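Here is a short briefing on one protein model. Look at the structure first, then work through the points below.

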Amino acid sequence: MDKQTILDKTRDYIKVELSGDGSGHDWWHIVRVTKTAMQIGIKEGADLFIVELGAMLHDLGDFKFHDGDITVGPKMVTEWLQKMHLDSDTIKKVVDIVKEISYKGSEVETPMSTLEGEIVQDADRLDAIGAIGIARTFAYGGSKNREMHNPDIKPENHDNFEDYKNSKAPTINHFYEKLLLLKDRMNTGTAKKMASKRHEYMKDYLDQFYNEWEGER
Ligand code: NI
């Protein structure tokens, strides 16, 4: 199979798997992340085939939807790529991206082992901040039945993945536990630049949110 056929088949597969999700991890998230990853990949001189495959497959079998089981995603991706008859070196590179990509708490390091992985992680994190990031965060919180905001529950720093994963905190806390920290955790220079505008937008949004919450003067 040539590379274009593999990419086309993968796109069709993911579209079926992730369509219609209401928690912000749907097909259109994949479309945006893939587009952003390719933009960064071109600027950073990465292997664009790996970047595109990694971006398209990164949320397949996500632990957030499999009771926290982090082995489902890598297994599904391996099986799919074997079906595409890819060589084991390429499969490993893509599967490593899926394994390593997730945010695991504000005090947990999540290094990527390849440039291509760094790029897909950056693109995924860019989609978690800014206007779209805000929308996705509330959509995800709603899907998990979380309160939007509860001033009595303070944000926490998680130093291990288990606590982070099991947190039931209100959605606004997620800004402090993850979203506002992402700007400084971008891997590539290209993504760092892209992150700063989205970061400022979120800060303005929070100011306005609290203004309205407290009663505007
Ligand atoms: Ni994602």
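A salt bridge is a side-chain nitrogen of Lys or Arg within 4 Å of a carboxyl oxygen of Asp or Glu. Aspartate 96 and lysine 92 fit that description, with their side chains meeting at 2.7 Å, N to O. Keep in mind that this is a predicted model. The points below cover salt bridges, one helix and several single residues.

**Salt bridges**

- How many salt bridges does the structure hold? The count is nine.
- Side chains of opposite charge can pair when their charged atoms come close.
- Aspartate 96 and lysine 92 both sit in helix α5, four residues apart, so about one helical turn separates them.
- Aspartate 96 is buried, at 13% relative accessibility. Its partner lysine 92 is exposed, at 51%.
- Through shared salt-bridge partners, Asp8, Arg11 and Glu52 are joined into one network.
- Glutamate 79 also forms a salt bridge, with lysine 75. Their closest N and O atoms are 3.5 Å apart.
- This pair belongs to helix α4. Glutamate 79 and lysine 75 are four residues apart there, which means a separation of about one helical turn.
- Glutamate 79 is partly exposed, with a relative accessible area of 44%. Lysine 75 is exposed, at 54%.

**A bridge between distant parts of the sequence**

- Aspartate 127 and arginine 32 meet in a salt bridge of 2.7 Å, N to O.
- Which parts does this pair tie together? Aspartate 127 lies in the loop between α6 (115–126) and α7, while arginine 32 is in helix α2 (residues 27–44), so the bridge ties together parts 95 residues apart in sequence.
- Aspartate 127 is buried, with a relative accessible area of 4%. Arginine 32 is partly exposed, at 25%.

**Helix α1**

- Helix α1 covers residues 3–18, which makes 16 residues. At 1.5 Å a residue it should span 22 Å. Its end C-alpha atoms are 22 Å apart, so expectation and model agree.
- Which residues of α1 are buried? They are Ile6, Leu7, Thr10, Tyr13, Ile14 and Leu18.
- Viewed down the axis of α1, the buried residues fall within an arc of 130 degrees, so they line one face of the helix.
- These buried residues pack against α2, α3 (48–57) and α4.
- The face turned away from the buried side carries Asp12 and Val16, which are exposed.
- At the start of α1, a side-chain oxygen of aspartate 2 comes to within 3.2 Å of the backbone nitrogen of glutamine 4.
- Just after α1 comes glycine 20, with a positive phi of about 80 degrees.

**Positive phi without glycine**

- Histidine 85 is not a glycine, yet it has a positive phi of about 60 degrees.
- Histidine 85 lies in the loop between α4 (72–83) and α5 (88–100). Is histidine 85 buried or exposed? At 65% relative accessibility, it counts as exposed.
- Asparagine 145 is not a glycine either, and it has a positive phi of about 60 degrees.
- Asparagine 145 is found in the loop between α7 (130–143) and α8 (161–166). It is exposed, with a relative accessible area of 72%.

**Two buried residues**

- Glycine 141 is in helix α7. At 1% relative accessibility, it counts as buried.
- Setting aside neighbours within four places in sequence, glycine 141 is in contact with Arg146 and Thr171.
- Glycine 141 and lysine 104 are 37 residues apart along the chain. Their C-alpha atoms are separated by 17 Å.
- Lysine 178 lies in the loop between α9 (171–177) and α10 (189–214).
- Lysine 178 is buried, yet it has no salt bridge. Where is the nearest side chain of opposite charge? It belongs to aspartate 124, 6.4 Å away. A salt bridge needs the atoms within 4 Å.
- Leaving aside neighbours within four places in sequence, lysine 178 is in contact with Tyr103 and Tyr164.

Conventions: Residues are numbered from 1 along each chain as its sequence is written. This is a predicted model: local features need pLDDT of at least 70, side-chain atom pairs count only at pLDDT 80 or more; totals for chains, interfaces and linings use all residues. Side-chain values use heavy atoms; hydrogens and water are left out. Buried means under 20% relative accessible area, exposed over 50%, partly exposed in between (1.4 Å probe, protein chains only). Contact means heavy atoms within 4.5 Å. The expected span of a helix is 1.5 Å times one less than its number of residues. The arc is that of the directions from the helix axis to the C-beta atoms. A polar contact is a pair of N or O atoms within 3.5 Å; within protein, one must be able to donate a hydrogen and the other to accept it, and residues adjacent in sequence count only if both atoms are side-chain atoms. Lys and Arg count as positive and Asp and Glu as negative; His and the chain ends are not counted.
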